[in-house]
Amino acid sequence: MHRLRLFSTVLLALILLATAGCSPAAESGDRLTTLVVYYSSNEDGISELARDAAKAARCQMFEIQPEKEYAALLDKLNSSEKLSMEELEDLYSTDFKLKQPVPDNWSEYDRIILGCPIWLDGAATPVKLFLDENNLDDKTFYPFTIGTLDEAETLTTQLSLDNWRTGFAKAESFEKGASPETVASGSIH
């Protein structure tokens, strides 16, 4: 419970920091500065946390969506079910594409709250592809995941390309089903 409150407090602080200058509702002519970007696979809880963060920050959201959904394959893999050769080829395909690689008005945002599940001990492939396909200059990223602190550290290292890619804050880790208060208190240093 103490750990959940700590995560809650940290996420709220992150959101408050990221939302400085964020208007309650996007109006024409307003400069939007914060965007919640996330990829969620099945029941991982990332979408709920992202929604809570966007609500608390009163900002827009963008869901990273692959052209082909891979969550069912990961579920099979995680439950130790055998995958067919075709499923393995799909899972490790280099022909991975996103439905919309660049969010609308991407250049207007300078703070990105980034929700990412952990896949096979690393950042989800759709999130990595999203970062590769966008201009990241002048943006600060506040990544979060559901998992352990070690997984959050691995996420930070991978997304920042071992600190080569600049603008990444230390990732936060939350428990699945974290309360809105928890999310609202921890995603921006």
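Patches here are built from residues with over 30% relative accessible area and no salt bridge, with like charges joined within 9 Å. Keep that in mind for what follows, and note that this is a predicted model.

On that basis, Glu43, Glu48, Asp75 and Glu81 make up a negative surface patch. Take Asp75 as an example: it sits in helix H3, which covers residues 71–78. Its relative accessible area is 39%, so Asp75 counts as partly exposed.

Now for the inside. Leu129 belongs to helix H5, residues 125–132, and it is buried because its relative accessibility is 18%, under the 20% cut-off. Beyond its neighbours within four places in sequence, Leu129 touches Phe96, Lys97 and Leu98. Ile64 is 65 residues away from Leu129 in sequence, yet their C-alpha atoms are 9.6 Å apart.

Leu129 has company in H5: Pro126, Val127, Phe130 and Leu131 are buried too. Here are some of the elements that cover the buried residues of H5:

| Element | Residues |
|---|---|
| strand E1 | residues 34–38 |
| strand E2 | residues 60–63 |
| strand E3 | residues 111–115 |
| strand E4 | residues 118–119 |
| strand E6 | residues 140–146 |
| helix H6 | residues 149–159 |

Zooming out, the chain has seven helices and seven strands, running α-β-α-β-α-α-β-β-β-α-β-α-β-α from the N terminus. Of its 189 residues, 49% count as buried. Among contacts with a separation of 6 or more, 79% link residues 24 or more positions apart. As for the surface, the chain exposes about 9900 Å², with carbon and sulfur atoms supplying 49% of that.

Key
Residues numbered from 1 in each chain as written. Predicted model: local features only at pLDDT ≥ 70, side-chain atom pairs only at ≥ 80, totals over all residues. Heavy atoms only, no water. Patch = residues over 30% accessible without salt bridge, like charges linked within 9 Å, V, L, I, M, F, W, Y side chains within 5 Å. Areas by Shrake-Rupley, 256 points an atom, 1.4 Å probe, with all protein chains shown as cover. Salt bridge = Lys/Arg side-chain N within 4 Å of Asp/Glu carboxyl O. Lys, Arg positive; Asp, Glu negative; His and termini not counted. Charge placed at Lys NZ, Arg CZ, Asp CG, Glu CD. Helix = DSSP H or I, 4+ residues; strand = E, 2+ residues; numbered from the N terminus. Buried < 20%, exposed > 50% of the residue type's maximum accessible area, 1.4 Å probe, protein only. Contact = heavy atoms within 4.5 Å.
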